[in-house]
Amino acid sequence: MAIPVGTERRQLSEHVAMVVREAIMSGDLRGADYLRTEQLAERLGVSATPVREALMVLHSEGAVRWEPRRGFRVVPLTERDVADMFAVAAFIEGELAARAVGLLSATDVAHLQELQSVLVDAAGAGDTDEVFRVNHEIHSAINRPGLSARLQTQLTMSLKYLPRSQYGRVEGWVEASVRDHGPVLAALAARDAEAARTAMRDHMLHIGTLLRAHLDRAGVFST
């Protein structure tokens, strides 16, 4: 089936927006840098139209700012920005973990524990890509049962700026995924909603602390 032209362009603009977000969060693009549409289009191998659309989306998100007669400029990233993003994600994922207590079956919880074993093995083997993949699968399986459309939007927005390419380089992240999931899965197995909420919230805040330290060491934050 052919992809409609409008759909293909939207996918391209979403890809461009994702690349720019990642570049901002990794420090490749920094506060006050100007984004030239033509240069971005050439670098990414796309036309100028999806790039302009992506920059308008990023402008609406507050990641870039349009300056008349000058173009789009990166908004400086601060440590508070990252802390706030993880605070929102921690609240939402904590709520979803609490909801999952009443929605996941014993079989579902057993499957999560099997996935965690895979994650632990991948961490032991130093396979950070596999750790990331399984970690995403675990969080998705916990979040999915209680996720409403509006909460999905809020969670997606809070996670859009998490630099996926950085996780393998964030000191302590793999170890946190190994250790922090244990209390979450134990609470799900015990059908303890408040314990699940607290454990997931603490896990997300922990990850946020590790990422902030990593970005600070890399000199990403604007003062």
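In this predicted model, the count of aromatic pairs comes to 2. One of them brings together Phe-132 and Trp-173, whose ring centres sit 6.4 Å from each other, with 40 degrees between the planes. A pair of aromatic rings is described by just these two things, the distance of the centres and the angle of the planes. Planes under 30 degrees apart would count as stacked and those over 60 as edge-to-face, so the 40 degrees found here make the pair tilted.

Where do Phe-132 and Trp-173 lie? Phe-132 belongs to helix α6 (residues 128-143), while Trp-173 belongs to helix α8 (residues 173-190), so the pair ties together parts that are 41 residues apart in sequence. The two partners also differ in how much surface they show: Trp-173 is buried, with a relative accessible area of 3%, whereas Phe-132, at 25%, is partly exposed. The cut-off for buried is under 20%, which is why Phe-132 misses out on that label.

Next comes the nonpolar core. The largest one has 60 residues, and those with the most contacts inside it are Leu-35, Val-82, Leu-112, Ile-142 and Leu-188. Helix α9 (residues 193-217) chips in the most, giving 8 residues to this core. Leu-35 is worth a look of its own. Setting aside neighbours within four places in sequence, Leu-35 is in contact with Val-20, Leu-29, Leu-40, Leu-55, Val-64, Phe-72 and Val-74.

Two polar residues, one in α1 and one in α2, come next. Is Ser-13 buried or exposed? Ser-13, part of helix α1 (residues 5-26), counts as buried because its relative accessibility is 10%. Not counting residues up to four places away in sequence, Ser-13 touches Pro-50, Glu-53 and Ala-54. Gln-39, in helix α2 (residues 37-44), is exposed instead, with a relative accessible area of 56%. From Gln-39 to Gln-152 there are 113 residues in sequence and 33 Å in space, C-alpha to C-alpha.

How far can the picture be trusted? The mean pLDDT of the chain is 90, and 95% of its residues reach 70 or more. Among the elements, helix α5 (residues 106-124) has the highest mean, 98, and α1 has the lowest, 80. Over residues 1-5 pLDDT stays under 50, and the model has 2 contacts beyond four places in sequence for this stretch. Where pLDDT is low, the predicted coordinates should not be read in detail.

Terms used: Residues are numbered from 1 along each chain as its sequence is written. This is a predicted model: local features need pLDDT of at least 70, side-chain atom pairs count only at pLDDT 80 or more; totals for chains, interfaces and linings use all residues. Side-chain values use heavy atoms; hydrogens and water are left out. Helices (H or I, at least four residues) and strands (E, at least two) are DSSP runs, numbered from the N terminus. Buried means under 20% relative accessible area, exposed over 50%, partly exposed in between (1.4 Å probe, protein chains only). A nonpolar core is a set of buried Ala, Val, Leu, Ile, Met, Phe, Trp, Tyr and Cys residues joined through side-chain atoms within 4.5 Å. Contact means heavy atoms within 4.5 Å. Rings of Phe, Tyr and Trp (its six-membered ring) pair if their centres lie within 6.5 Å; planes under 30 degrees apart count as stacked, over 60 as edge-to-face and the rest as tilted. pLDDT is the predictor's confidence in each residue, from 0 to 100.
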